[in-house]
Amino acid sequence: MTLTLRSSTSFIHLNDTKIIKAPLLEDLHGIISFKQAKPPSCLRIRSSLQEIKMERGSNKMEKLHSLSLNHHTNDLRVPVFVMLPLDTVSLGGSLNKPRTTNASLMALKSAGVEGVMVDAWWGLVEKDGPMKYNWEGYAELVQMVQRHGLKLQVVMSFHQCGGNVGDSCSIPLPPWVLEEISKNPDLVYTDKSGRRNPEYISLGCDSLPVLKGRTPIQVYADYMRSFRDRFRDYLGEVIMEVQVGAGPCGELRYPSYPESNGTWRFPGIGEFQCYDKYMRASLEAAAEAIGKRDWGSSGGPNDSGQYNQFPEDSGFFKRTGTWNSEYGKFFLEWYSGELLQHGDRVISAAKGIFHGTGAKLSAKVAGIHWHYGTRSHAAELTAGYYNTRHRDGYLPIAKMLAKHGVVLNFTCMEMKDGQQPGYANCSPEGLVTQVKMATRDAKAELAGENALERYDIAAYEQILATSRSESGNGLAAFTYLRMNKDLFEPQNWRNLVEFVKRMSEGGRNWRLPESDCCGSDLRVGFIKEKKIEKVAVV
């Protein structure tokens, strides 16, 4: 049967297409239409929606966009995933807007994407009490993804949702965890002013039984083990990747630039987050171990400035600042080293749990590109990346992940230097190149994301360029941020479809069309009303 999805307000002419009623599309902002082009060409979709084949005359092509998340293949294809909305699973634990999600997945499959990514929120799954897990909403999603022949990346999201760029909903840590934090505020990261950040549990207490008798690492491990046991039959078949959250926004970093309540604004340098009692005790021990007890007494540099200052505004980060002194090097080695050890602990736990399941593990590193052009790289230093004009801060992270066979997932792949404000000394291109080189040298695999929601051709072209391996590693996969109604706008959708095609060809740099003027079969309509036209199945 030939399947065409249409709306009464589609820009495709009625005499071009057949129509099928699809009530599941009622809430979807954009829909897919397959034009009957000449010479005869049609897109056949089996009723199971699990296999799509193209026929042109008597020549049959194999599965359309049959990409595979195989990070060890030697071909140049870059599979594309799309992030689902942050609230894909509701606060009640059920799948949010299942009909819209179903229709969206069908559209994404038609566009040739490999799969989708979803956050498995700790604050939703384990909210009813310690080790009381509710995976039902995620189970419904996994089955839906499987029915459409897509793959799934699942993020073990041990952080709070809300208060950062792109956060469209609020999902705090589990209530029983917040109760423990209220009793002991030092369980969360703290800045030098005593401001507590409830986004993520401080790494200073990783190995202490502070969460109702369990350590944070044990809590994370029990959570991941529960996920593995619940979805054992899908791991390696549908769930191809598990991204292990290790900090705020799921990234291996400190929450040095919190946007909530206006604390931080771009391009501020941020602040060190090492003033809870557990981090201070660790610093004191490290200082005493080298016979410099006074270096640990203050908890951190006393001249490192404030969140929204620039490097030259502080004694620590300025061009000739104390970041490059003996004390500065000691402190930054300790601060970044603690973060690296935290990542190693969480990743080690995940590796032991998911070994043999067939699912790939990944970890996310933040693309902090502002003040990259200065000597101190202040914004990276406060986030825990000891990267300066004289030191590569990403190679140790890449080596740690490579040791465990874990993919390094990096952001800001869509950004160009020339698009950034000059006063911020940004260089996302320089940063991405450095990370590509670090992963190549460490023999770690590299995957990418865009940092901000972008739908324009320039962003896609930059991703295509960075996906190739001319300088450092190429990309093993790319995850596009994010699926929402804007993505299904006609021009945005055409750009995505063409981008996915180019990535399937190894990131070939062929300029994306401004409009669909070449008679492509895949089209996008636009729904302004919730009325769907009648059925006509041939």
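## Cysteines

Cys205 is buried, its relative accessible area being 0%. In this predicted model, Cys249 belongs to no disulfide, and the nearest cysteine sulfur, that of Cys161, is 8.6 Å away. The cut-off for a disulfide is 2.5 Å between sulfur atoms. Cys249 has a relative accessibility of 25% and therefore counts as partly exposed. Across the whole structure, the search returns zero disulfides.

## The second largest cavity

Three cavities of 30 Å³ or more are present in the structure. The second largest of them has a volume of about 40 Å³. Its lining is made up of Val118, Tyr138, Leu141, Val142, Leu152, Val154, Phe227, Phe231 and Ile239.

Two elements, α3 (136-147) and β7 (151-157), each contribute at least two residues to the lining of this second largest cavity. The largest share, three residues, is supplied by α3. In terms of class, the lining comprises nine nonpolar residues, with no polar and no charged residues.

## Strand β11 and its partners

Strand β11 (360-365) is mostly covered, with six of its six residues buried. The burial extends to both faces: Lys360, Ser362 and Lys364 lie on one side, Leu361, Ala363 and Val365 lie on the other, and all are buried. The charged side chains of Lys360 and Lys364 are thus among the residues of a covered face of β11.

Two strands pair with β11. Strand β10 (residues 239-244) is joined to β11 in the parallel sense over three bridges, and here Glu241 stands opposite Lys360. Strand β12 (residues 407-410) also runs parallel to β11, the two being joined by four bridges. On that side, Ala363 of β11 stands opposite Leu408 of β12. Ile239, a residue of the lining of the second largest cavity, falls within the range of β10.

## His371 in the loop after β11

The loop between β11 and α8 (378-383) contains His371. With a relative accessible area of 0%, His371 is buried. Beyond its neighbours within four places in sequence, His371 makes contact with Pro267, Gly268, Ile269, Phe310, Pro311, His377, Ala379, Ala424, Asn425 and Cys426. Of these, Ala379 falls within the range of α8.

## Thr439 in helix α10

Helix α10 (residues 428-442) includes Thr439, which is buried at a relative accessible area of 1%. Although Thr439 and Ala398 are 41 residues apart along the chain, their C-alpha atoms are separated by 5.4 Å.

Apart from residues up to four places away in sequence, Thr439 touches Ala398, Leu408, Ala444, Leu446 and Asn473. Leu408 is also the residue of β12 that stands opposite Ala363, and this contact connects Thr439 of α10 to a strand paired with β11.

## Helix α11 and its surroundings

Why is helix α11 (residues 457-467) described as largely enclosed by the rest of the structure? Nine of its eleven residues are buried, so the helix is largely enclosed. The buried residues are Ile457, Ala459, Tyr460, Glu461, Gln462, Ile463, Leu464, Thr466 and Ser467.

These buried residues of α11 pack against three elements, namely α10, β14 (478-480) and α12 (490-504). Helix α10, which includes Thr439, is thus one of the elements against which the buried residues of α11 pack.

Key
Residues numbered from 1 in each chain as written. Predicted model: local features only at pLDDT ≥ 70, side-chain atom pairs only at ≥ 80, totals over all residues. Heavy atoms only, no water. Buried < 20%, exposed > 50% of the residue type's maximum accessible area, 1.4 Å probe, protein only. 1 Å grid on protein atoms, 1.4 Å probe; cavity = no way out; pocket = protein on both sides within 12 Å on 5 of 7 lines; lining within 4 Å. Points joined across faces, edges and corners; volume = space filled by probe spheres on them. Contact = heavy atoms within 4.5 Å. Pairing = 2+ DSSP bridges.
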